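Reader: I have a structure to look at and several terms I do not yet trust. Could you go through them with me?

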Amino acid sequence: MCGIVGYIGEREPVNVLVSGLRKLEYRGYDSSGVAVVNAGHVQVVRAEGKLTALEEKLKNQKLSGTIGIGHTRWATHGIPSERNAHPHTVDGVCLVHNGIIENYIQLKAELSALGATFSSDTDSEVVAHLLAQELKKTPDIFKAIQKIIPRLEGAYAILAMWEKEPQRLVAFKNGPPLILGVGNGECVVGSDVQALLSYTDKVIYLDDGEVACIEKDKYVITDSLGKELNKAIVTVHWTSQAAEKHGFKHFMLKEIYEQPLAVSSVLKKYTDLKTYQVEFSSMFLSPAQNTVSRITEQDLKNVERIFIVACGTSYYSAMYAEYLIEKLAKIPVEVDFASEFRYRDPVIPPKSLVMVISQSGETADTLAVLRMAKNMGAPVLSLTNTLGSTIDREADLHLFMEAGVEIGVASTKAFISTLTVINLFSLYLARTRKYLSIDEEKQFVQNLLALPSHMESVLAHDKFFAEAAETFKNYKGFLYLGRGINYPIAMEGALKLKELAYKHAEGYAAGEMKHGPLALIDDKMMVIVINPQDNHYEKTLSNLQEAKARGGIIVSIGTGDDASLKSVSEHYLSIPKSDWMASGILSVIPVQLLAYHLADVLGYDVDQPRNLAKSVTVE
Ligand code: G6P
């Protein structure tokens, strides 16, 4: 987490830095800061709170120069405050850091013994001190950095400058992303390509251990041993995506409304609209690197087991994938949180495929699983929303969510897009294993093609939740229930409510409710039951009755005009009739709208919920 940006060239750096930070704010937003070198002196402005607080300060403090760095923070060490905000400056050395320096306590003690005094509680400031110390012996920032790198343990992406060498910016990383944008007489560095695209489409992805010494019209990149590298410049074929709300009150609401479009984009990419068959040949190509995978279609056919690993919302899409792949393609699937999987000495037998799902493509634990799986010899399939992200680049096979830029920190359209890709990918696996006839495949695809218009009609529930939120906000807890593919969707519904409305919410398999959560139910508990007309319908209806008998207030989501479900529910929300596969996706929309409107009526920041970040590059 944390977004970093740097600029060297003829433009006013502060303008480039602030507009870059605006695009990176999803990575953290508890404080921010910028620094510029002017006439041999570092000028720094930092502010607690969102980027707007920094912009306010900058109205009164004009910064000018030809080189600068900026940062938007998600606190790890030290509370969110101005003193802990980056950049950190020591004796004219100034740097911004994304990640965690794990041995900072030891380094801090060592530096303190040498007389260093610290002005923040961060792990990052020790790097500035270490560098300042080294510059006394090695007065060349590029060389000094190469000397201190072996002392750093942990994950970091760092941009540094020194007032005595105002023509150079040095970038180095181990873990979190850092990308160099090469412009005409200018260079921009950032945590995400989006921060660079207004200036150039020529980028270099720095790899772990590399150090880049950047001047306005040249750069040198070395490996961890100091050997100069000739890194490929990649031309990115996507444009800077405007973060506009287009009349919506929040980005999240806009993104919920963009979901039919996101699903259409997935269908367009992964189906052949003439034959109504799924089409996954693109998975074997890496568009970010222009390479063809070492893994072939035959290798994929030989796969006997799939591990799916992810975090947060992506983890619930992994749970969903387990149901789909096992049901349709009959391949055993195991799902785990990345943070657990990586440390539990997992057994990955030969002929296994490891699938990692990550909207950002940068989540630290998920990336670690990818690398571990590759080291163990397993092919890795990634499903990301970010072309060129570290996970996308390091995977063997590549799937994309096609959701477009998602600004709201709590994921909505990327989740629905992921479910759509999973639906189609499961059909592909089923077809290649001959568990699906061409006609069955066509039928599934045709049903999915109707999804965008069905989704439009479910969006009409927006009005219901906008009005009901005033009453719903008074409930003390929320229990989300579902069976089969609706169980992960219940989990996701509960997560959305926690993230946005800061309410206690639990997602549960409906059949498990009587083994504990039933004790929580009274008339202050709202029970949201996802019960479309599929083969779990009757059983879920019985579970709903059990909750109702204990006084629970029932909100149910069902198919069409379901009189039985309606009669036992305080509120009934209808989704259009469709097959079981499409209905799972339709059920997501009401739970998103519930969380959105509850958070909004409670006055919370829907797009940037407290304590969270969209890209989690620390463990
Ligand atoms: C953070 C975000 C979540 C997201 C999770 C996993 O916690 O706030 O919305 O689901 O990371 O992110 P990924 O990018 O790997 O899908």
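Author: We can start with the cysteines. This is a predicted model, and the structure holds zero disulfides.

Reader: How do you know that Cys213 is in no disulfide?

Author: The nearest cysteine sulfur to that of Cys213 belongs to Cys187 and is 11 Å away. A disulfide needs two cysteine sulfur atoms within 2.5 Å, so Cys213 does not qualify.

Reader: What rules out a bond for Cys311?

Author: Its closest cysteine sulfur is in Cys2, at 17 Å, which is too far for a bond.

Reader: Which of the words buried, partly exposed and exposed fits Cys213, and which fits Cys311?

Author: Cys213 has a relative accessible area of 5%. Buried means under 20%, so Cys213 is buried. Cys311 has 24% relative accessibility. Partly exposed covers the range from there up to 50%, so Cys311 is called partly exposed.

Reader: Next, the rings. How many aromatic pairs does the structure hold?

Author: It holds 14 aromatic pairs. One of them is formed by Phe280 and Tyr428, with 5.3 Å centre to centre and 45 degrees between the planes.

Reader: Why is the pair of Phe280 and Tyr428 called tilted?

Author: Planes under 30 degrees apart count as stacked and planes over 60 as edge-to-face; at 45 degrees this pair is neither, so it is tilted. Phe280 is in the loop between strand 16 and strand 17, while Tyr428 is in helix 13, so the pair ties together parts that are 148 residues apart in sequence. Both Phe280 and Tyr428 are buried.

Reader: What makes Phe444 and Trp580 an edge-to-face pair?

Author: Their planes are 85 degrees apart, with 6.1 Å between the centres. The cut-offs are over 60 degrees for edge-to-face and within 6.5 Å for a pair, so both conditions are met. Phe444 lies in helix 14 and Trp580 in helix 20, so this pair links parts 136 residues apart in sequence.

Reader: Are Phe444 and Trp580 buried or partly exposed?

Author: Phe444 is buried, at a relative accessible area of 14%. Trp580, at 24%, is partly exposed.

Reader: Which residue has its charged end over the ring of Phe118?

Author: Lys108, at 5.0 Å from the ring centre. Arg610 lies over the face of Tyr502, at 3.8 Å from the ring centre.

Reader: What can be said about Lys548?

Author: Lys548 lies in helix 18. Its relative accessible area is 29%, so it is partly exposed. Leaving out residues up to four places away in sequence, Lys548 touches Ile554, Val568 and Glu570.

Reader: Now the sheet. What is the order of its eight strands?

Author: The open sheet runs 3-2-4-1-10-9-11-14, with antiparallel pairing. Strand 3 and strand 14 each have a single partner strand, so they stand at the edges, and one side of each is left without a neighbour in the sheet.

Reader: How do you know that strand 2 and strand 3 pair?

Author: There are eight bridges between them, in the antiparallel sense. At least two are required, so strand 2 and strand 3 count as paired. Within strand 3, Val44 is the bridge partner of Ala35.

Reader: Which strands does helix 2 lie across?

Author: Helix 2 lies across strand 2 and strand 3, at about 130 degrees to strand 3. Helix 1 lies across strand 1, strand 2, strand 4 and strand 10, at about 155 degrees to strand 1.

Notes:
Residues are numbered from 1 along each chain as its sequence is written. This is a predicted model: local features need pLDDT of at least 70, side-chain atom pairs count only at pLDDT 80 or more; totals for chains, interfaces and linings use all residues. Side-chain values use heavy atoms; hydrogens and water are left out. Helices (H or I, at least four residues) and strands (E, at least two) are DSSP runs, numbered from the N terminus. Contact means heavy atoms within 4.5 Å. Axes are lines fitted to C-alpha atoms, for helices over the stretch in contact, and angles run from 0 to 180 degrees between N-to-C directions. Buried means under 20% relative accessible area, exposed over 50%, partly exposed in between (1.4 Å probe, protein chains only). Rings of Phe, Tyr and Trp (its six-membered ring) pair if their centres lie within 6.5 Å; planes under 30 degrees apart count as stacked, over 60 as edge-to-face and the rest as tilted. A charge sits over a ring if NZ of Lys or CZ of Arg is within 6 Å of the ring centre and within 35 degrees of the ring normal.
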